Each structure stands twice: as C-alpha cells, then as structure tokens.
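Reader: Got a model open and want to go through it with you. Can we start with the charged contacts?

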Amino acid sequence: MSIPATTRSMSANEVAWSIAAAALAVFSVYVASQATDSGYAFHAYVFAIAGIAAVIAIGKRAVANVVVDPPQEIDSKPNYNMGPVKFSTIAAMFWGVAGFLVGLIIALQLAWPALNFDLPWIQFGRLRPLHTSAVIFAFGGNVLLATSFYVVQRTSQARLAGDLSPWFVVLGYNLFIVIAGTGYLLGITQGKEYAEPEWYADLWLTIVWVAYLLVFLATIWKRKEPHIYVANWFYLAFILTIAVLHLGNNSTIPVSIFSPKSYIVWSGVQDAMFQWWYGHNAVGFFLTAGFLAIMYYFVPKRANRPVYSYRLSIVHFWALIFLYIWAGPHHLHYTALPDWAQTLGMTFSIMLWMPSWGGMINGLMTLSGAWDKLRTDPVLRMLVVSVAFYGMSTFEGPMMSIKAVNSLSHYTDWTVGHVHSGALGWVGFVSFGAIYCLVPWLWNKKGLWSDKLVNWHFWIATLGIVLYISAMWVAGIMQGLMWRAYTALGFLEYSFIETVEAMHPFYAIRALGGGMFVVGSLIMAYNIYMTIRSGEAAEPAATAQPAMAPAE
C-alpha cells in the first residue's frame with residue numbers, strides 16, 4: 001500500500017512523545033513479566049497498551065498530515081483548541097452515569113445485603129471506593145478538565161498551550177481513572193479515604209497533574225486579555241492545592257517495582273492528620289474551588305448578566321483558600337489528635353461560613369434583573385439550585401464541625417446525608433448545568449435537542465436528592481441517639497444490630513432517591529447524545545461568543 005503524497009515527517013515534539021510512550025510500553029511489559037500480583041500485572045499491561053496506542057495515534061497524525069503547529073489566530077480571531085474539551089465532556093457524562101449506577105448498587109446492597117451475590121468483585125467494600133472515585137475524580141475531574149480548558153481559552157482569548165500536551169492531560173487522567181477503578185475491583189488499594197490508588201497510579205497522576213498545571217499556566221501566560229478573570233484564579237487554586245495534597249498524603253515507599261504494595265511514610269496520628277488534611281481539602285479545593293470557578297463563568301454566561309460583585313468574588317477567593325486549608329482536623333474530634341489541633345480545625349470551619357455564603361450570595365445575586373429566566377430556562381434553574389445547595393452544605397458542614405454536634409453526628413449516616421447534599425446538589429447540578437451549556441457551544445448547535453428533557457431531569461433528580469438527604473438526616477440522628485442511649489443501670493440500651501435493623505426503611509428510601517438521580521442522568525445522557533447527533537446547527541454569528549468581561 002502506497003503512502004499518500006501528503007504524508008509529512010514527524011516533528012521533534014511528536015518524536016519525543018513517541019519515544020516516551022514506547023519506553024512506557026516496554027518498561028510496563030517488563031514489570032508485568034516480573035509482577036508478584038496478577039492484578040498488578042494486569043495494570044502493567046494496561047499501561048503497555050496505552051503506550052502502544054499513543055505511538056500509533058501520533059504516527060497517524062503524520063500520515064494524515066495534521067498540522068503540527070496550528071495557527072494561534074485565524075482572521076484575527078483566536079483559533080481555539082476544543083478537541084480535548086469535547087473528549088473530557090463526553091468522558092464526564094460516561095463516568096457520571098457509571099459512578100451513579102455503582103452508587104445505586106451499593107445503596108441497594110445496604111438495604112438488601114443479599115444483592116452482593118457472594119461475589120468478591122462486587123462486595124460493598126470494593127464498590128464503595130469505586131463509587132466515590134468514579135463520581136468525584138472520574139465524573140467531577142473530567143468536568144473540571146473540560147470547563148477549565150474551555151474557560152481559560154475563552155477568558156484569555158488564546159489557544160490552549162501546547163499541541164499534544166492537552167491531549168496527554170485528558171487521556172492520561174482517564175488512564176489513571178481506569179487503573180484506579182479496576183484496582184479497587186481487584187482488591188488493590190491503600191485503604192485511605194479518597195486516596196485509595198496505590199503508589200504506581202499515584203505516580204502516574206503526579207506526572208499528568210504537572211502537565212495540567214503547565215498547560216493551564218502557559219495558556220494564561222500568552223493571553224490576549226490583560227485581565228485574569230476570577231474563575232481562572234479558582235481553577236489555579238484547585239490545581240496547585242490538589243498537587244500539594246496529593247504529594248503529602250501519598251508519600252509512600254513501594255515494597256518493589258514488581259509489587260503493588262507500598263507503605264506510607266507517616267505513622268499513627270500523623271498519618272490520620274495527613275489523611276484528613278488531604279480528605280477535607282479534596283472537598284475544599286477539588287469539589288469546591290474548582291466548581292466555584294464553573295459557577296463564576298457559567299452562571300453569568302447563561303443568565304447573560306455580569307457577576308453581581310467582582311470585588312466580592314475576589315474577597316471570596318482569598319478568604320476561602322486561606323481558611324479551608326486549616327479545617328481538616330475537625331474530622332478527628334475525640335481521637336488521639338491533640339485537643340488544640342481539633343479546636344483549630346473547628347474554629348476555621350466555623351469561620352468558613354463567611355466566605356462560603358459570600359460566594360453563594362454573589363452567585364444568586366448575579367441573577368438580579370434576570371430572575372424571570374428561571375421560568376423558561378431549566379439549565380439556568382439547575383445552575384442556580386446548585387448554588388443554593390452550596391449554601392446549604394456550607395452551613396451544615398461548619399455546624400457539624402462543632403464538637404457538641406460532632407459527638408452526635410460523627411460516624412453516622414448524617415455525615416453521608418451532608419456529603420451527598422453537597423455532592424449531588426452542588427457538584428452534580430453545577431456540573432450538569434455546565435455540560436448542558438458546553439455541548440451546544442462545542443458542537444456548534446443552536447441549543448439542546450430537548451429543553452423539556454432538561455426539565456424532566458431537573459425535577460426527577462431534585463426529588464431524588466431530597467429523598468436521599470432527608471432519609472440520611474433522619475437515619476443519622478436516630479443512629480447517634482440510639483448509640484448513646486443508656487439504661488438506668490448504665491448499660492447500652494440498644495445493641496448494634498438493633499440500630500442496623502432500625503435503619504432499613506431509611507436505606508430503602510435512600511436507594512429510591514439514588515435511583516431517581518440515576519434516571520435523571522440517563523435522561524441527560526440521551527439528550528446530550530441527540531443534541532450532538534441531531535441538534536439544529538447554529539448560525540455562524542451565534543458561535544462568536546465574547547470572553548467574559550469582569551463587572552465593575
């Protein structure tokens with residue numbers, strides 16, 4: 001077969017990426033051949049396949065004569081790179097549905113334990129970290145990748161920095177998701193909340209994350225717009241802080257490069273302190289700062305209104321990132337952690353009320369003069385309700401950090417209800433709203449295929465959230481009260497199994513609420529698919545959206 005005449009030689013950049021990918025493949029095959037664990041060998045082969053696929057994909061670019069250094073501008077307008085944004089948007093939708101389904105399965109298992117079918121791969125202990133990682137890091141992470149790469153280009157009026165680097169970030173991150181998720185099913189885990197992947201997955205994520213930071217910074221560096229919009233500050237805080245947290249909490253020493261097992265360098269209460277410094281700030285910077293960046297771009301954009309107070313957004317940013325980093329110790333009340341550290345975490349958690357509610361008010365008041373749009377625009381309604389859930393969650397969280405309240409709430413399902421009011425209501429809805437906005441913009445469509453389906457999604461998911469969190473609030477408080485109830489003789493009034501039995505109806509309601517949320521996500525996935533496939537094309541002028549300008 002003859003090679004097309006248009007075939008070009010590979011660039012130096014492509015050669016370098018190909019060599020690195022080939023080296024990864026060869027090294028991975030060697031590790032697989034010597035691996036002490038079959039699950040670890042499987043992961044090594046996955047890395048090898050990824051390396052080979054990368055070499056083939058880069059080679060095809062040369063054969064197809066893809067432009068190596070695309071022009072930064074075309075007709076004096078930025079030539080945006082939306083390919084990685086499209087990939088992350090679709091990946092977010094896929095991982096979201098998958099993660100929600102796994103959550104529904106484990107909710108059903110808690111109500112009816114026989115549903116684990118005595119299979120080791122689908123036991124609650126393996127599916128639960130799979131659910132949390134799939135929803136937080138796979139769904140939420142891809143939403144953050146997609147929106148950050150979109151927002152930084154539009155607000156900087158500049159093409160995404162790098163040629164292959166943005167693709168390495170989005171593909172490399174999703175490779176990490178595959179390694180982490182399959183690892184849980186195979187029993188490969190550190191057993192640390194939100195930080196379960198073992199050392200080799202953590203090492204790969206570190207490389208990908210550094211590339212992410214460099215691409216984001218380089219794009220801001222070459223911006224044409226002199227102002228750095230506030231959303232980009234929140235994205236930067238999220239990227240930088242997650243890097244620091246990841247390195248600190250995953251400082252491990254592997255047993256061998258041929259073994260998945262590693263040992264953390266911290267011990268005892270120091271390990272617990274690092275874990276919850278990481279765990280709470282994964283909530284604070286991954287699930288809060290990153291998604292506040294989404295709020296500050298997509299709410300004003302959808303409402304076609306400037307941010308209510310740009311000054312307040314800056315105060316919100318600096319206050320939030322300073323206070324949040326200290327709040328982790330409130331997860332360790334009544335433990336071996338020194339009392340002063342527990343009190344410090346509680347104090348900073350209470351102080352977080354102020355910046356959190358300042359941001360919520362800023363988001364809601366952005367609709368001043370545009371409240372009527374909530375009647376006709378279900379996407380804007382979803383974004384605004386997400387901000388309301390943000391306010392509710394950031395009121396409840398500091399309250400639960402107070403020692404007197406924590407003594408009742410901790411280790412109960414009240415905490416589960418609190419987490420899901422933030423995860424489903426705040427993170428879920430703001431993510432859905434952002435994806436609903438992005439898809440027509442990215443695929444040059446006049447609008448979504450069906451606004452009526454968005455409306456159905458909104459109401460079904462909202463009712464599901466209300467059922468879920470209400471059931472967990474009631475169940476958790478009941479749980480805490482039963483655990484601390486004593487008889488006149490000083491014995492515990494209820495055995496543990498009696499508390500479990502009392503929880504059953506609430507677990508069933510929780511599963512129903514979760515099921516409704518899953519149904520809503522499936523409606524969304526169908527709507528997104530139909531929009532891309534059959535949506536009405538936008539007029540050429542409609543695609544030329546100006547960058548978000550700061551309000552005075």
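Reader: Is Lys403 buried or exposed?

Author: Lys403 counts as buried, at 16% relative accessibility. The cut-offs: buried is under 20% relative accessible area, exposed is over 50%, and partly exposed is in between, with a 1.4 Å probe and protein chains only. Note that this is a predicted model, where local features need pLDDT of at least 70, side-chain atom pairs count only at pLDDT 80 or more, and totals for chains, interfaces and linings use all residues. Residues are numbered from 1 along each chain as its sequence is written, and side-chain values use heavy atoms, with hydrogens and water left out.

Reader: What does Lys403 form a salt bridge with?

Author: With Asp339; the closest N and O atoms are 2.5 Å apart. A salt bridge here is a side-chain nitrogen of Lys or Arg within 4 Å of a carboxyl oxygen of Asp or Glu. Lys403 lies in helix H14 (residues 403–409) and Asp339 in helix H10 (residues 339–351), so the pair ties together parts 64 residues apart in sequence. Helices (H or I, at least four residues) and strands (E, at least two) are DSSP runs, numbered from the N terminus. Asp339 is partly exposed, with a relative accessible area of 47%.

Reader: How many salt bridges in the whole structure?

Author: Seven. Glu14, Arg61 and Asp163 are linked in a network of them.

Reader: Distances in that network? How far apart are the closest N and O atoms of Glu14 and Arg61?

Author: 2.9 Å for Glu14 with Arg61. Glu14 is in helix H1 and Arg61 in helix H2, so this pair ties together parts 47 residues apart in sequence. For Asp163 with Arg61, the N to O distance is 2.7 Å. That pair links distant parts of the chain: Asp163 sits in the loop between H4 and H5, Arg61 in helix H2, 102 residues apart.

Reader: Are Asp163 and Arg61 buried or exposed?

Author: Both are buried. Arg61 has 15% relative accessibility. Glu14 is buried too, at 0%.

Reader: Switching to empty space. How much is in the second largest pocket?

Author: About 1000 Å³. Rolling a probe the size of a water molecule over the atoms shows where empty space is left. On a 1 Å grid over the protein atoms alone, a cavity is a set of points where a 1.4 Å probe fits but cannot get out; a pocket is an open set with protein on both sides within 12 Å along at least five of seven lines; lining residues have an atom within 4 Å of a point. Grid points are joined across faces, edges and corners, and a volume is the space filled by probe spheres set on the points.

Reader: Which residues lie nearest the centre of that second largest pocket?

Author: Leu24, Ala54, Phe168, Leu175 and Trp204, out of 38 lining residues. Helices H1 (12–34), H2 (38–63), H5 (165–185) and H6 (199–221) each supply at least two residues of that lining. H2 gives the most, with 13.

Reader: How do the residues of that lining divide by class?

Author: 30 nonpolar, five polar and three charged. Ala, Val, Leu, Ile, Met, Phe, Trp, Tyr, Cys and Pro count as nonpolar, Asp, Glu, Lys and Arg as charged, and the others, Gly among them, as polar.

Reader: And cavities? How many of 30 Å³ or more?

Author: Two. The largest holds about 40 Å³. Its lining includes His43, Ile179 and Tyr200. H5 gives the largest share of that lining, three residues. The second largest cavity has a volume of about 30 Å³. Met295, Tyr296 and Asn362 are among its lining residues. By class, that lining has five nonpolar, three polar and no charged residues.

Reader: Backbone now. What is phi of Asp75?

Author: Near 55°, a positive value in a residue other than glycine. Ser76 has a positive phi as well, near 65°. Asp75 is in the loop between strand E1 (73–74) and strand E2 (77–78), and Ser76 is also found in the loop between E1 and E2. Asp75 counts as exposed at 69% relative accessibility, and Ser76 at 66%.
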